Amino acid sequence: FKVQENASNFPEKSYNPNEWQGGYQSLKQEFDYWIDDIEGQIPPELNGTLFRNGPGLLDINGQPIHHPFDGDGMISRITFLNGRAHFRNRFVRTAGYLAEQKAGKILYRGVFGTQKPGGWLANAFDFNLKNIANTNVIYWGDKLLALWEAAEPHRLDPHTLETLGKEYFDNILSEGEAFGAHPRFDPSCQLDNGAPCLVNFSIKPGLSTTITIFELDTTGKIVRKHAHSVPGFAFIHDFAITPNYCIFFQNPVNFNPISFVLGMSGAGECIKFQHHQPTRIIIIPRQPKEKKVQILETQSGFVFHHANAFEQDNEIIIDSICYESLPEVEPESDFRKVDFDALKPGQLWRFNLNLDHKTVRQKLIESRCCEFPSLHLQKVGRSHRYLYLGAAHAPSGNAPLQAFLKIDLESGERQLWSAAPQGFASEPVFVPRTNSQHEDDGWVLALVYDAAHHRSDVVILDARDFNQGPIARLHLKHHIPYGLHGNFTSE
Ligand code: 3ON
Ligand code: FE
């Protein structure tokens, strides 16, 4: 019996909250197998590897963690080879993961509220960070790197996923120094005579915040590193680039660390949204010699993820997923019991930043609840026509991601494929067809949690036509907990 994927069959909710929760169970096992349970056909021209990262453990030996963002990083690797696909997953062997697995209990506090057993007394004045390597995974300069924004990357073997150690880029990074989890790929870097480069940043918050920019050449060497101080505390998860600039949204928040210091909450729970303060948009030149940082202001809101930015005349245009406020993680609450209806959805907005007049215009592009924007990597920093996003099944309201949405910014056309009621979506990754001529000529790959079978599927959509549904669904033998980010490499 298959439930028709049709909204009229579930007019009230497109999902069952208990089924959604199934995607937040730990996956303790590590697998290594050829995927043989496949619906449809893997395009034989799709060759390469999709790497995914995300929290693999939602508990340490039965002790629940407080928030998924505190979960130990687990890498999944799906390799496509001449119409076949191979799966492998492995936990990043961070020092914290190894110590906690050995001890069989929580030994570290998490940024998002996980505490050691024993109440506040056991947690007060413990500022030890566990580098959990759970947010993103990139393959750059022949290195596979698991990223977490508050500390240094972990380097992994791209084939075995074995953890090789922490990466310091020839000591350009120092012990414990952060290297963000949202690097941007510049397909043609002006500062490197048109060669591709990778641009990343790190945040050191305080009464004022230091933003450090890193640029890596194709060999994986950091060739530019420059730091800038901006006023006020900042929590910045992502940024966007253009050929000349890095753009950051400094969301209106304040940070009162008392309850963190006293062992009653995580540092991230001490960040409070300030409704009456503006968002500051920080524009930093990529050319290290140019020190002039511009700051524009716009209305209050919270942004985790940006889709893309580009320069047009005297403007920077940036598309971002905006929330009316930062959802607060309550120390006593259980993230599995979240009331989606009580929260505001993330929505896609376009901001026009006028650098001459220092003004910001903004307009809503897509009101459907969405997250995890992605696009053709050759369009990063350039004007883009198509965006791909995880989206809610219903056109309005807040709900878990169950669908994939393609937006054509030129024609306004939308395409949607929904996995509701029992499927739950994640970040879509666009993979261009070799020698493709059109921006949407390729595939969109994503993991979908299938609550009916408590397992995950690797879904392949034809990027030109979402409406027809997946051209292949690869059924894994197990589920993969809801993840964060990843990348495809054809190497
Ligand atoms: O005091 C600073 C504040 C702070 C929060 C210092 C700091 C740098 C240690 C810090 C740490 C920040 C960290 C570690 C942030 C990590 C974020 C993370 C792992 C994930 C963020 C995900 C964002 C979104 C929007 C996820 C969406 C997920 C879904 C729609 C559902 O699957
Ligand atoms: Fe992110």
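## Starting with T135

The side chain of T135 reaches a partner right beside it in the numbering: it makes a polar contact with the side chain of N134, at 2.7 Å. Keep in mind that this is a predicted model.

Where does T135 sit? You'll find T135 in the loop that links α3 (119-123) to β8. Is T135 buried or exposed? Its relative accessibility is 6%, and because buried means under 20%, T135 counts as buried.

## Around ligand 1

T135 also turns up next to the ligand. There are 19 residues around ligand 1, and the ones that come nearest are F69, T135, E149, F304 and E371. On its own, ligand 1 would expose 800 Å², and the protein buries 86% of that. Two elements give two or more residues to this shell: β22 (302-312) and β26 (370-374).

So what kinds of residues make up the shell around ligand 1? The split is 13 nonpolar, 4 polar and 2 charged.

## The second largest pocket

Now for a look at a pocket. The second largest one has a volume of about 1200 Å³. Its lining is made of 45 residues, and F185, L377, N487, F488 and T489 lie nearest its centre.

Several strands chip in at least two lining residues each, namely β8 (136-140), β12 (184-186), β22, β26, β31 (429-432) and β35 (486-489). As for chemistry, the lining of this pocket divides into 20 nonpolar, 18 polar and 7 charged residues.

Technical notes. Residues are numbered from 1 along each chain as its sequence is written. Chains are lettered from A and ligands numbered from 1 in the order in which they are written. This is a predicted model: local features need pLDDT of at least 70, side-chain atom pairs count only at pLDDT 80 or more; totals for chains, interfaces and linings use all residues. Side-chain values use heavy atoms; hydrogens and water are left out. A residue is near a molecule or strand if one of its heavy atoms lies within 4 Å of it. Accessible areas come from the Shrake-Rupley method with a 1.4 Å probe; for residues, only the protein chains shown count as cover. Helices (H or I, at least four residues) and strands (E, at least two) are DSSP runs, numbered from the N terminus. Ala, Val, Leu, Ile, Met, Phe, Trp, Tyr, Cys and Pro count as nonpolar, Asp, Glu, Lys and Arg as charged, and the others, Gly among them, as polar. On a 1 Å grid over the protein atoms alone, a cavity is a set of points where a 1.4 Å probe fits but cannot get out, and a pocket is an open set with protein on both sides within 12 Å along at least five of seven lines; lining residues have an atom within 4 Å of a point. Grid points are joined across faces, edges and corners, and a volume is the space filled by probe spheres set on the points. Buried means under 20% relative accessible area, exposed over 50%, partly exposed in between (1.4 Å probe, protein chains only). A polar contact is a pair of N or O atoms within 3.5 Å; within protein, one must be able to donate a hydrogen and the other to accept it, and residues adjacent in sequence count only if both atoms are side-chain atoms.
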